[in-house]
Structures are given as structure tokens and as C-alpha cells.
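Reader: I should be grateful for a close look at a single part of this model, with its strand pairing and side-chain contacts set out first and its wider setting afterwards.

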Amino acid sequence: MTPCQVCGEPLPEGASFCPNCGSPVGSPLGTEERKMVTVLFADLVDSTGLAQRLDPERAREILGLFFEAASEELLALRGRAEKFIGDAVMAVFGLPTVHEDDALRAVRAGLAIRARTRRLSEALGLTNEPLDVHVGVESGEAATGLGPAGQLLVTGPVVNAAARLQAAAGPGEVLAGETTVALTTNAVSYGDRRQATAKGFDGDTIAGFPVQTLTPRSARRTIPFVGRSSELAILRESLHRATSTGHPVLVSVLGEPGIGKSRLADELVAGLDDDVPVLTGRARPFTDTATFAPAATIVAELAGLEEDESPEKTRRRIHELADRTVPPGDAKRVVERLALLFGMAERQTHTSFVQDVQAGFVGLVDGLAREKPAVLVFEDAHELRPPMLELIERLGSPVRSGHRRALVLALARTSLLDERPAWGTTTANAVRLRLEPLSSDESVDLARQASGRRIEDAEAIEIAERAGGNPFFIIETTGMLLPDGSDAGPSAARASLPPTVQAVVAARLDHLEPRLRELTRRASSFFVSFDMHELRTIDPEATGDEIRQLEEAEILVPEDDARPVGRWRVRHATLKEVAYASLPKRERARLHQLIADRLAETGHRSWAADHLELAAIASLDLDRDDRTVPERAAEALLDAGDHARRRMESRTAVDYYERTLALAGPEERWGVREARALAGIGEARYWLGEYPAATEVLGRAVELGREVDDPFTLSLALRFLGDIAINVEADVDKAEKLLDESLAAAEAMDEPWACTRTLLFAGWVPWTRGDHEAAEMIWRRALEVADPEDGWARVRALNSLSINRTGSDRIEPDPEGALREALALSDEASALAEDIGDQFSIAMTTVQRGRILDDQGRFEESLPCFDRAIAVFEDLGARWELGDATAERGIAKRELGRLDEAEEDLRKAIRISEELGERQLASWTWRALAQVSERRGDKAEAEQRLRRSREAEAQGPR
């Protein structure tokens with residue numbers, strides 16, 4: 001059934017008016033704005049009996065007097081009598097302007113209507129059967145707009161909730177809903193909660209609280225610094241420690257919104273010497289990567305980059321920055337890595353994007369903080385993506401050589417620890433500074449100072465109690481209660497104390513000039529900040545003067561307070577969230593699409609996808625059957641996921657792909673796009689070592705890929721399932737079938753990149769069986785098929801061929817010649833890896849060179865190879881490769897007689913193997929450990945370890 005546009009109740013077929021609220025049934029009403037309003041329904045008790053007892057004319061006169069009395073009481077308390085329905089009145093508080101105490105005024109209006117009705121009954125002489133009312137009040141978000149007759153109307157569930165509460169109220173009772181109670185809890189005394197029947201709500205019930213009595217209330221604002229002296233001392237001591245020791249310190253400042261994290265950082269910065277650089281990482285949309293946007297912002301500021309700089313000028317500025325900060329021998333590599341932040345990769349693919357960006361930024365910071373201290377501030381760290389968080393932790397970790405005199409501040413909500421419980425624990429000098437609410441005395445002091453000593457002590461105490469020690473809440477609440485620019489004294493009329501910060505902020509926005517309010521609401525649709533050109537994309541009439549007015553009103557602030565940079569942001573997150581919530585969803589969809597179009601035109605596809613996703617969510621809320629915007633958003637998110645996957649930003653890729661699927665609609669309608677998203681998730685989880693999750697989602701991808709006949713999906717998904725079959729499931733026959741099917745799909749596409757990668761995986765099937773000739777043929781074919789620009793695949797083919805020349809299970813007529821061939825292939829692979837700049841490839845080929853040196857008995861020469869590779873794999877989080885390289889180093893140390901060190905490395909490799917659940921490393925690593933025991937003369941332990949080796953081998957690939 002069609003719902004009523006006003007109260008949401010189902011409409012009978014052919015109805016002209018809603019039987020629940022009396023609204024006319026017509027075409028959908030336009031929504032101008034979404035507001036937090038409070039709705040009141042007041043109804044005469046037993047009006048039907050009254051009509052039966054009295055003459056119709058007399059009954060009508062009494063009803064008219066009731067409506068007149070109710071309207072007067074509503075008007076006195078700033079309410080709007082929106083409609084009269086039978087013997088009931090519906091009123092709205094918050095139209096056309098929201099006030100911070102709308103909910104309280106509605107409750108007071110309900111009590112006033114009750115008292116006025118009783119006085120009216122006495123005046124009319126209705127003593128035997130007096131008039132009385134029952135009243136329902138609820139607050140909530142509503143859509144507002146003009147009705148068919150031009151009147152301002154509200155629609156939404158809050159209307160229906162208030163009507164149901166009124167119906168459930170007893171004679172003479174004012175029954176308030178949960179939201180109204182939350183907004184007035186410190187100003188109104190309520191009775192016990194009770195449930196009322198309300199079809200369509202959760203559990204078909206709604207909670208109501210009977211109003212008992214009103215309690216006193218009160219008052220305003222400035223921004224002093226109160227109650228954080230000990231926390232500030234910790235920050236200063238941490239900076240001193242970093243400066244004196246040369247080791248970085250990571251301080252995570254954690255707390256709820258508004259608790260004072262940014263203010264604490266500002267106080268530290270304000271007391272620094274002028275020669276201490278302060279680098280603040282914020283997200284900016286003109287960078288090439290949303291993942292590393294904070295790092296890009298810092299580089300752009302240091303290099304003096306502006307938006308729309310030419311690639312030549314950008315590279316030149318970065319080069320100038322590197323020349324003055326990093327050692328000459330490192331400058332070229334740092335420039336190449338930092339240039340990636342601005343979309344200036346020199347190669348077709350850049351699988352080492354994450355590690356290169358991280359290494360480049362660390363190199364820059366090391367240059368800045370080698371001799372003098374530097375402070376890095378990363379705001380809203382809880383919203384950053386995993387690679388950026390890993391970079392922050394890396395900045396706080398000791399350097400292998402030299403000094404990094406850096407204080408790294410990560411400002412975050414406590415939700416950061418929910419997502420990353422081990423945050424900061426991998427760094428040697430890490431401090432978690434959790435900001436607790438201010439004490440009662442500190443809160444009162446802050447309220448007094450924020451008001452300029454213009455409020456009474458009792459009012460300051462009340463503000464402090466209601467704010468719960470949150471400095472922002474105290475300042476905002478106090479600021480709202482004192483009229484700007486006036487000299488209000490103790491006797492001046494003041495607005496009642498705002499019941500919540502949300503109400504405070506909504507009221508503050510509504511008291512702006514209409515044009516400035518509209519501009520603020522539109523600006524809230526930007527994720528972080530905007531310049532004038534971007535703002536005019538969504539509001540062509542925006543002017544610099546309006547921006548200045550909003551700055552003066554403390555609604556907008558320059559993105560960088562130190563100097564005018566032509567970018568602005570909404571002053572704080574709560575203000576932004578409330579402004580955004582006031583936008584109609586149709587308007588949200590329109591604005592996000594406009595922003596996305598501009599971002600796509602300027603090459604920022606991932607940022608555009610994020611905006612399109614929000615547009616799609618708003619669109620679906622309005623009409624689940626309209627797939628226009630969701631389809632566009634899903635395509636953009638898939639593209640963003642592919643972009644991240646190719647760069648090995650695996651967790652970011654998973655996030656984008658899962659959001660693609662969330663917008664894709666019911667699974668029975670999924671097609672090629674969704675199959676590819678599933679395959680992309682599977683590959684990303686494979687590289688993360690999450691093999692069970694990867695197997696599950698890759699299986700789904702294969703099933704869907706076969707249904708929709710998509711060779712791309714099948715080639716990708718079957719390829720990684722094949723490798724998991726070898727290394728995790730130890731089923732070589734299964735792997736062979738999967739990889740054969742993957743190759744067939746790749747060949748059907750006539751796609752060299754897909755063919756090459758499947759061949760690289762397929763070669764390990766015969767190699768695992770000991771058929772080195774067949775493996776050689778497959779890897780040679782991979783090398784021949786590989787695109788000349790596909791350096792990643794060529795390195796792996798050469799490295800695989802080198803590995804195929806070595807190994808204890810291979811019988812060679814000329815072992816020394818085979819090792820020379822293997823070393824030549826390894827050197828060729830290493831040179832190509834260095835040329836493409838892929839750190840993973842460099843480390844992989846370095847391990848193979850170390851193995852060959854071991855086979856040649858050159859153990860001292862092999863150790864630096866393993867050390868270098870292990871350092872890279874640790875930085876990249878490549879767990880399997882780390883275990884492999886660590887085990888190889890343990891064997892070399894064993895041969896050099898360094899048995900304790902060998903034991904440590906080999907045990908670590910086994911732990912990694914067990915954690916991953918893989919079946920390749922364990923057997924030969926236990927065998928190597930057994931040889932350590934033999935050299936110590938412990939035959940019993942050696943036999944025990946050999947037994948473990950045989951058990952592991954029995955479970956290994958066959």
C-alpha cells in the first residue's frame with residue numbers, strides 16, 4: 001500500500017485524505033530541507049461523548065474555543081499549529097527555524113495546553129464532565145517543504161510517532177518519546193518508561209515517558225585552554241626525548257569528538273621555536289591517492305605545490321625539496337617515490353606503490369629531522385586507511401642508522417584501537433595519551449571563561465554538568481546562550497540551555513542568514529575541504545564575501561590557519577555532520593554527483609567513487625527501484641578497487657570491492673562486474689595471507705564467473721585458487737586442474753598479462769613434482785609471452801628459472817655449471833627488478849642470489865642478501881616471503897657455526913608457517929633445525945625434529 005507523505009501510515013486505495021493524520025493525498029511533496037523538529041499532538045478526551053451530550057452548535061463552539069486556546073499557547077512558545085484534525089491539533093516546533101530548546105518548548109506547550117483546557121472547562125461550567133486532553137510529543141528528523149496550498153509541512157516517522165504517543169496517553173497526560181526525553185532530560189522530570197502499541201515500529205511498540213514536572217535551566221562562549229597541563233607536559237617531554245636521543249616518539253592522542261585533541265596539539269605547536277617545522281597531514285582531493293592524502297598534503301606544502309600544477313613543475317619542486325632535505329645519493333630515488341603521490345609514475349604498473357610511497361616519505365622526514373627536531377601531526381587518524389596508518393607507525397619506529405628527531409602525533413577517536421588493537425606496539429618509543437573528560441571544577445572554570453565571566457556560577461555549574469566534561473560541548477553550549485554582539489546582563493532574557501550539542505549546532509545554523517545557511521549546507525557535502533572553484537561546482541553563485549562572512553561566524557575556517565591558501569573546511573566535524581544531515585537526500589545525491597563529475601574530469605577517480613557512493617545511498621533511500629546512480633557508483637567503486645589492487649594496496653582494494661557489492665543489489669541479479677569484484681577481493685586477501693577468506697570468495701567468483709561466462713574473472717580467480725591448492729591445501733593435482741582452466745580462460749581473452757601470470761603460477765605444479773624440465777618449459781613460455789613493459793612478470797619468470805636450476809632434489813651432470821647458470825639468471829632478474837624499482841621483486845631476487853651463494857659454499861657472502869631481503873619483507877608485511885628468507889638465513893648461520901642465531905631464525909620461520917597455515921616451509925625448516933641439534937650433539941632432539949619434518953612433509957604438496 002502507498003504510505004502517507006506526512007505520517008507514513010498506509011493509505012486505503014482511492015483515499016483523498018489520510019485517515020491517520022488528515023493530510024490530503026496528492027503528488028509527492030518537494031523537500032527543501034531536512035530538520036530536527038519536535039511534533040506535538042493534543043486531542044480532547046472523549047470528544048465523541050461530548051458531541052453526543054451537547055447540541056451540535058454548542059459542541060462546535062467548545063471545540064473552536066479549544067483550538068483557539070491551544071493555538072495561543074503554541075504561539076507563545078514558538079510552535080506552529082500545522083493542522084486541526086477532528087478534535088485534535090498537530091503542532092511543530094523547529095519551523096521555519098530550529099532552536100536549541102524546541103523539544104523543551106514542546107513539552108512546556110503540552111503542559112500549558114492541558115492547564116488551559118482545564119481552565120476553559122471551569123469557565124464553561126463543565127464541572128460534572130470536565131474537558132481534558134491527552135498529549136504526545138516526539139522529536140526527530142523530518143523532511144520539510146511546501147504543501148499543495150503553499151503551507152510549510154513536515155513529513156516523516158516522527159509525525160506518526162507523536163500521533164501514536166498521543167493515542168497512548170491517558171486523560172490529562174503528556175507522553176514524550178525517547179528522543180524528546182533525551183533532549184530534555186536535564187530540564188524535565190519524567191515518570192517510568194512504558195511501551196505503547198504502535199504498528200510499523202520495531203516490535204510494533206513505541207516507548208513513552210509521562211511528563212511529571214519541569215526543572216530549572218540556563219547559559220555562553222570563548223576558547224580558553226583549561227585542564228590539560230599534564231597532557232601538554234607529556235607532549236613537550238616526548239619532543240625533548242626525540243630531540244635529545246635522536247629516536248622518534250609516536251604519541252597517539254585518543255578521545256571522543258570534542259575532547260580537545262586538536263586543541264592540545266595546537267598548544268604544543270604554539271610554544272615551539274620558529275625553526276621547528278610542523279607538518280600537518282590532512283586529506284586533500286587534488287592528490288593522486290586517497291590512501292596517502294595526508295602525506296601528499298605535507299609534501300605539497302613543503303614543496304610549495306598548488307593545485308593544477310603541471311607535471312614538470314611538480315617534479316621540479318619535489319626535486320628542489322629533496323635536494324635541500326635528503327643526502328645527495330638518495331635524492332633521485334626519493335623524488336621518484338614522492339612523485340607517485342601526484343600521479344607521476346613512469347611505468348605502466350607500479351605494484352610497489354605502497355612501499356615506495358612509504359619509503360619516499362620516510363626518507364623525506366629523515367632528511368628534515370636528522371639534525372633538528374620536527375613535529376608531524378596526523379588528524380583524524382581513525383579515518384585513515386591501513387597503508388597510511390602503517391606509515392605513521394613506521395615514522396615512529398627507530399631508524400636503522402642515523403637519527404630521526406621527530407615527534408609524531410596521531411590524533412584519533414578511540415575507535416582506532418577497536419580496529420587496530422596493537423596500534424603503536426611495534427614501535428620502541430610509543431605513548432598512548434587518552435584524553436579524559438575535564439573534572440567538574442575544570443568544566444565550571446571553562447564555562448566561566450568561555451562566557452567572558454558573563455554568566456552566574458549556578459549557570460556555569462549546570463553547563464558543566466550537562467556537558468559531561470567535554471570542552472567542545474561546554475564552549476559550544478555556552479557560546480550559543482549569549483547573544484553575539486550584545487551586552488546582555490544578568491536580567492537579560494536568555495535562551496534556555498541547549499539539551500544536546502546537536503541541537504546547539506542545528507540552532508546555530510538556522511540563525512544564519514538564509515543564503516549563508518544554504519552555502520554551509522552545500523559545503524558540508526565535501527569530504528574534507530574545498531576551494532572557490534570546487535565550491536562553485538555545486539553553488540555557482542558563491543562569492544568570496546560570503547566565505548569571509550562564514551569565517552567571521554566561525555562556520556568555515558581556512559584549511560591552514562598559518563597562511564591563506566585559498567581552501568576552506570567546515571570548522572569541526574559535528575557542525576559539518578549537522579549541516580549535512582539537513583540536506584534533503586535528493587539534494588545530497590545531486591551535490592555528490594556534481595563533485596564526482598569534477599573529480600573524474602581532473603583524474604581523481606577514487607575520490608569520485610567515494611562521492612558517487614554517497615549519492616547512490618541517498619538515491620536508494622528515496623527509491624530502491626531507481627538503479628541509475630547506484631549502477632554508476634558501483635562501476636566507479638570497481639574501478640577504484642582495481643586501481644588499488646594493481647598497486648598492491650590490498651586492504652584498500654578489499655574495501656572498494658566490498659562497497660561495490662554492497663551497491664550491486666540482490667545477488668540473483670549479479671553479473672560480470674560483481675564476479676570481477678569477488679575475484680579482486682580474493683586476490684587481495686591472498687596477498688594479505690588470509691587464505692581461508694581468499695579461498696571462500698574466490699570460489700564464489702568462479703561460480704559466478706561461469707554463470708556469466710566471464711573469462712577475466714575465471715582466469716584471475718582460478719589462478720589464485722591454484723596457488724592456494726599447492727601451498728595451503730597441498731593438493732598438486734587439484735592445482736593443476738585449476739591452473740589449466742585459468743590458462744584456458746586467459747588464452748580465450750588473448751591477454752598476454754593474464755596468460756603470463758597464470759603460467760608463472762602453473763610452473764610450480766611440475767616443479768613441486770620434481771619435473772624440472774616441464775617447469776622450465778612453462779616458465780620459458782611465460783618469459784616469451786610477457787609484454788615487454790611487464791617487468792613484474794619478467795622478473796618472476798627469470799627468478800623461477802633460476803630456482804629451477806638449483807635444489808637438492810635436482811641431479812645435474814655439471815652442478816657447478818648449473819649454479820653459474822642459476823646465478824646469471826638471478827643477476828638478470830635482479831637488474832630488471834632494480835630497473836623497475838619494485839622493492840618486493842628486488843627482495844625476492846636477492847633471496848635467490850643468497851641461496852645460490854649458499855649452494856656454492858659462500859655463506860658469509862649470502863648473509864647480506866638475506867638481511868636485505870628480510871628488512872624489505874618486514875616493511876611490506878610479506879609474511880610467507882619473510883619466513884622463507886629467515887629460514888634460508890638460519891641455514892647459512894648454521895653452516896657458519898652460529899648455532900644459537902640459526903636456531904632463532906629457523907624457529908621464527910616455523911612460527912610464521914604455522915600462523916599462515918601453509919605447507920611448504922615447515923618440512924625443510926624442521927629438517928634444518930634437526931641438523932642444528934646434530935651439530936650440538938643432541939641426538940634425541942635431532943630425531944624429534946626429524947620426525948616433525950617427516951610429519952610436515954607428509955602433509956605437504958603431492
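Author: The account below begins with one short strand and then moves outward to other parts of the chain.

The model is predicted, so local features are given only where pLDDT is at least 70 and side-chain atom pairs only at pLDDT 80 or more, while totals for chains, interfaces and linings use all residues. Residues are numbered from 1 along each chain as its sequence is written, and side-chain values use heavy atoms, with hydrogens and water left out.

The part chosen is strand S17, residues 567-570. Helices (H or I, at least four residues) and strands (E, at least two) are DSSP runs, numbered from the N terminus; two strands pair if DSSP finds at least two bridges between them. S17 pairs in the antiparallel sense with S15 over two bridges, and Phe530 stands opposite Trp568. Strand S16 (residues 556-558) also pairs with S17 in the antiparallel sense, over three bridges, with Val557 opposite Arg569. In general, strands of a sheet pair through backbone hydrogen bonds, either parallel or antiparallel.

The side chains of S17 divide between two directions: Arg567 and Arg569 point one way, Trp568 and Val570 the other way, and all are buried. Buried means under 20% relative accessible area, exposed over 50%, and partly exposed in between (1.4 Å probe, protein chains only).

Arg567 also takes part in a salt bridge with Asp531, at 3.8 Å from N to O. A salt bridge is a side-chain nitrogen of Lys or Arg within 4 Å of a carboxyl oxygen of Asp or Glu. Because Asp531 lies in strand S15 (residues 530-531) and Arg567 in S17, the pair ties together parts that are 36 residues apart in sequence. Both Asp531 and Arg567 are buried. By this rule the salt bridges number 82.

Two further pairs may be set beside this one. In the first, the side chains of Arg590 and Glu587 meet at 2.9 Å, N to O. These residues are three apart in helix H22 (residues 585-601), and are therefore separated by about one helical turn. An α-helix has 3.6 residues a turn, so residues three or four places apart point the same way. Arg590 is partly exposed at 35% relative accessibility, whereas Glu587, at 16%, is buried.

In the second, Arg676 and Asp710 form a salt bridge, at 2.9 Å from N to O. Arg676 belongs to helix H26 (residues 672-687) and Asp710 to the loop between helix H27 (691-708) and H28, so this pair ties together parts that are 34 residues apart in sequence. Arg676 is partly exposed, at 31%; Asp710 is buried, at 4%. Salt bridges that share partners also join a set of residues into one network, and its members include Glu587 and Arg590, together with Glu33, Asp510, Arg515 and Asp539.

Next come the nonpolar parts. A nonpolar core is a set of buried Ala, Val, Leu, Ile, Met, Phe, Trp, Tyr and Cys residues joined through side-chain atoms within 4.5 Å. The largest one has 75 residues, and Leu678, Tyr686, Ile724 and Phe873 are among those with the most contacts inside it. Helix H28 (residues 711-727) gives the most to this core, with nine residues. Another core lies apart from it and holds 49 residues, among them Ala296, Val362, Leu364 and Ala406. Contact means heavy atoms within 4.5 Å; leaving aside neighbours within four places in sequence, the contacts of Phe873 include Phe840, Met844, Val847 and Leu882.

Helix H34 (residues 815-836) has 22 residues and should span 32 Å at 1.5 Å a residue, which agrees with the 32 Å between its end C-alpha atoms. The expected span is 1.5 Å times one less than the number of residues. Buried residues of H34 include Leu819, Leu823, Ala829 and Ile836, and what covers its buried residues includes helix H32 (772-785), helix H33 (791-804) and helix H35 (839-855). Just after H34, Gly837 takes a positive phi of about 75 degrees.

Elsewhere, five strands form an open sheet in the order S11-S12-S13-S10-S14, with parallel pairing. Strand S11 (278-281) and strand S14 (430-434) are the edge strands, each pairing on one side only. Four bridges join S11 to strand S12 (residues 374-378), and Gly281 has Phe378 as its bridge partner in S12.
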